Amino acid sequence: MARTTDGDGTPVPQRLLAAATRLFAEQGYDRTSVQEIVEAAGVTKGALYHYFGSKDDLLHEVYARVLRVQQERLDAFADADEPVEKRLRGAAADVVVTTIENLDDASIFFRSMHHLSPEKNKLVRAERRRYHERFRALIEEGQRTGVFSTATPADLVVDYHFGSVHHLSTWYRPDGPLSPQEVADHLADLLLRALRP
């Protein structure tokens, strides 16, 4: 039976994901071997296959874990008892911060999504669509109630914001002039300015 933790108590699945994320970001998914991942994580191939059925499963989990966190946080913003403008701004800023906090994951995903099996690719697209639909529902609520302009279709507003979010990994640098929260605030403000009636 594979050990569930190492000496400092880090669960093996987390160690495998951390090693895979670092290697996929540095070398690319297709140039990283299972052997390199298990050596970096300090476990055996048996341990990897105990928790993940394949390298493809690891790639899927790299993206899925961030999306799970983002979905939970979006649901909390969307369900809050606050004006729609405040809920949308919070959600729009939060997705920027959580993406920057997981920049390697975002970069890996957009470079390597085509390596996923057709089934996992379909799953990821469905998970991302669910997130975008919940985000779009906030915009539509604001448009329906007259808080936001209806001049631009909600779908296009969503594409505009997430286009910016998805490209963060190509230009954002942790040692750059803007903190994650500053970038998030600027992008959220741009979104809300675009929706002003």
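## Ground rules

Buried here means under 20% relative accessible area, exposed means over 50%, and partly exposed is in between (1.4 Å probe, protein chains only). By that yardstick, Asp-105 is buried, with a relative accessible area of 7%.

Keep in mind that this is a predicted model: local features need pLDDT of at least 70, side-chain atom pairs count only at pLDDT 80 or more, and totals for chains, interfaces and linings use all residues. Residues are numbered from 1 along each chain as its sequence is written, and side-chain values use heavy atoms, leaving out hydrogens and water.

## Helix α4 and its start

Helix α4 covers residues 55-79; helices are DSSP runs of H or I, at least four residues, numbered from the N terminus. With 25 residues, α4 reaches 36 Å from its first C-alpha to its last, close to the 36 Å expected at 1.5 Å a residue (the expected span is 1.5 Å times one less than the number of residues). At its start, a side-chain oxygen of Ser-54 comes within 3.3 Å of the backbone nitrogen of Asp-56.

## Lys-55, a buried charge

What does Lys-55 do for a salt bridge? Lys-55 is buried and has none; the nearest side chain of opposite charge, Asp-30, is 6.9 Å away. (Lys and Arg count as positive, Asp and Glu as negative; His and the chain ends are not counted. A salt bridge puts a side-chain nitrogen of Lys or Arg within 4 Å of a carboxyl oxygen of Asp or Glu.)

A polar atom of the Lys-55 side chain does lie 2.8 Å from the backbone oxygen of Tyr-29. Leaving aside residues up to four places away in sequence, Lys-55 touches Phe-24, Tyr-29, Asp-30, Thr-32, Val-34 and Ile-37, where contact means heavy atoms within 4.5 Å. Asp-30, for its part, forms a salt bridge with Arg-31, with the closest N and O atoms 3.8 Å apart. Arg-31 counts as exposed, at 58% relative accessibility.

## Salt bridges out of α4

The structure holds 16 salt bridges. One of them joins the side chains of Asp-105 and Arg-65 (2.7 Å, N to O). That pair links distant parts of the chain, 40 residues apart: Asp-105 sits in helix α6 (residues 103-112) and Arg-65 in helix α4. Arg-65 is partly exposed at 23% relative accessibility.

Asp-79 forms a salt bridge with Arg-134, the closest N and O atoms being 2.5 Å apart. Here Asp-79 in α4 meets Arg-134 in helix α7 (residues 118-144), 55 residues apart. Both belong to a salt-bridge network with Asp-75 and Arg-130.

How values were computed
Helix = DSSP H or I, 4+ residues; strand = E, 2+ residues; numbered from the N terminus. Polar contact = N/O pair within 3.5 Å; in protein donor to acceptor, adjacent residues only side chain to side chain.
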